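Here is a walk through one protein chain, taken a piece at a time. Keep the structure in view and follow along.

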Amino acid sequence: MMKKATQKSLAVLLAATLLLTLFTVPAFAQSEQAAPTGEPAYIGQALYDVVQWTWGFIQNAVGKVVYDRFSQTEQTREYHGAKVVEVPFDNFGGLTLGKYIFVGRGLIGSESLLEHEYGHTIQSLFLGPLYLLVIGLPSLTWAQLFADYRRENGIDYSDFYTESWADKLGKQFTMNN
Ligand SMILES: [Zn+2]
C-alpha cells in the first residue's frame with residue numbers, strides 16, 4: 001500500500017501535468033498560427049519540448065536513444081520542432097516516438113509522410129504516458145499484422161483510428177490544411 005502522503009503528491013503531480021497539457025497545447029497551436037512560415041514561434045517550440053519531456057517522457061527517452069544512434073551516420077532534419085532521421089532500412093515507412101520521427105531510406109523529403117508522423121508527435125503531447133498503449137502498440141500491430149486483412153477487405157491503412165487521427169492532427173498543427 002502507498003502512504004497517503006505519496007498518493008496525495010502523485011495526485012497533485014498528475015493534476016498539474018494535465019493542467020499544463022490543457023493550457024500549453026492550445027497555446028502551441030496559436031503560436032503556430034502566428035508564425036505562418038511554418039517555423040513555430042519560440043514560445044510554442046519551448047512548450048512543445050516541455051510537454052514532450054514531462055508528460056511524454058517515456059516515448060521521448062526511448063526516441064532520443066534511438067535517434068542519437070542513427071543521427072551519427074544518417075541524414076537528419078527538423079520538422080516543425082520535431083527531429084527527423086532516416087533509418088538505413090528499405091520497406092520502412094515511418095515511426096514516431098515523442099518528438100523523434102524515424103523514416104525509411106530515401107523518405108526524409110516526403111512532406112506527406114512527415115506531416116502524418118508529426119500528427120503522432122501531437123498524439124504524444126495529448127496522451128503522455130498512455131501514448132505507447134493507445135497509439136504505439138495498436139498502430140504497430142495494424143501496420144505489421146493486418147496487411148492481408150486490409151488487402152482482402154479493401155481497407156485503407158489510414159482507416160485505423162491511430163492513423164486517421166494522426167493525419168488530421170498533422171494537417172492541423174503544421175497548418176497544411
Ligand atoms: Zn502512422
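Start at Ser-112, which lies in helix H4. This is a predicted model, so every value here is computed from predicted positions. Ser-112 is exposed, because just 10 other C-beta atoms lie within 10 Å, and 12 or fewer count as exposed. Along the sequence, Ser-112 and Asp-167 are 55 residues apart. In space, their C-alpha atoms are 9.2 Å apart.

Now step back to the whole chain. It holds seven helices and four strands. Read from the N terminus, the elements run α-α-α-β-β-β-β-α-α-α-α. Of the 177 residues, 31% are buried. Take the contacts between residues at least 6 apart in sequence: 52% of them join residues at least 24 apart.

Turn to the strands. In what order do the four strands lie in the sheet? The order is E1-E2-E4-E3, in an open sheet with mixed pairing. Strand E1 (76–79) and strand E3 (94–97) stand at the edges. Each has a single partner strand, so one side of each has no neighbour in the sheet. On average, neighbouring strands are turned by 25° against each other, direction ignored.

Look at the E3 edge. Strands pair through backbone hydrogen bonds, either parallel or antiparallel. E3 and strand E4 (residues 100–103) run antiparallel, joined by four bridges. Leu-97 stands opposite Tyr-100 in E4. Thr-96 stands opposite Ile-101 in E4. The two strands form a hairpin, with two residues between them. Gly-98 sits in the turn and has a positive phi of about 65°.

A helix packs on this sheet. Helix H4 (residues 111–127) touches E1, strand E2 (82–86), E3 and E4. The direction of H4 makes about 25° with that of E3.

H4 also meets other helices. Two packed helices are described by the angle between their axes and the distance between the axes. Take H4 and H5. Their axes come within 9 Å and cross at roughly 155°. An angle over 145 degrees counts as roughly antiparallel, so H4 and H5 are roughly antiparallel to each other. On the H4 side, the contact is made by His-120, Gln-123, Ser-124 and Leu-127. On the H5 side, Tyr-131, Val-134 and Ile-135 make it.

H5 has two faces worth comparing. Helix H5 (residues 131–145) has 15 residues. From first C-alpha to last, H5 reaches 20 Å, close to the 21 Å expected at 1.5 Å a residue. The buried residues of H5 are Tyr-131, Ile-135, Gly-136 and Ser-139. Why do these residues line one face of the helix? Seen down the axis of H5, they fall within an arc of 85°, so they line one face. An α-helix has 3.6 residues a turn, so residues three or four places apart point the same way. What covers the buried residues of H5 includes helix H3 (57–70), H4 and H7.

The face turned away from this buried side carries exposed residues: Leu-133, Leu-137, Thr-141, Gln-144 and Leu-145. Consider Leu-137, whose place is in helix H5. Leu-137 is exposed, because 12 other C-beta atoms lie within 10 Å, and 12 or fewer count as exposed. Leu-137 and Thr-162 are 25 residues apart in sequence. Their C-alpha atoms are 10.0 Å apart in space.

Thr-162 leads to H7, where it is one of the buried residues. Helix H7 (residues 161–174) has 14 residues. H7 reaches 20 Å from its first C-alpha to its last, close to the 20 Å expected at 1.5 Å a residue. Buried with Thr-162 in H7 are Glu-163, Ala-166, Leu-169, Gly-170, Phe-173 and Thr-174. These buried residues cover an arc of only 130° around the axis, which puts them on the same side of H7. Just after H7, Met-175 takes a positive phi of about 60°.

Finish where H7 meets H4. The two helices pack at an angle of about 95°, with their axes 7 Å apart. Angles of 65 to 115 degrees count as roughly perpendicular, so H4 and H7 are roughly perpendicular to each other. From H4, the residues that meet H7 include Glu-115, His-116 and Tyr-118. Their counterparts in H7 include Trp-165, Ala-166 and Asp-167.

How values were computed: Residues numbered from 1 in each chain as written. Predicted model: local features only at pLDDT ≥ 70, side-chain atom pairs only at ≥ 80, totals over all residues. Expected span 1.5 Å × (residues − 1). Buried ≥ 20, exposed ≤ 12 C-beta atoms within 10 Å, placed from the backbone. Arc of directions from axis to C-beta. Pairing = 2+ DSSP bridges. Axes fitted to C-alpha atoms, helices over the stretch in contact; angles between N-to-C directions. Contact = placed C-beta atoms within 7 Å. Parallel < 35°, antiparallel > 145°, perpendicular 65-115°, else oblique.
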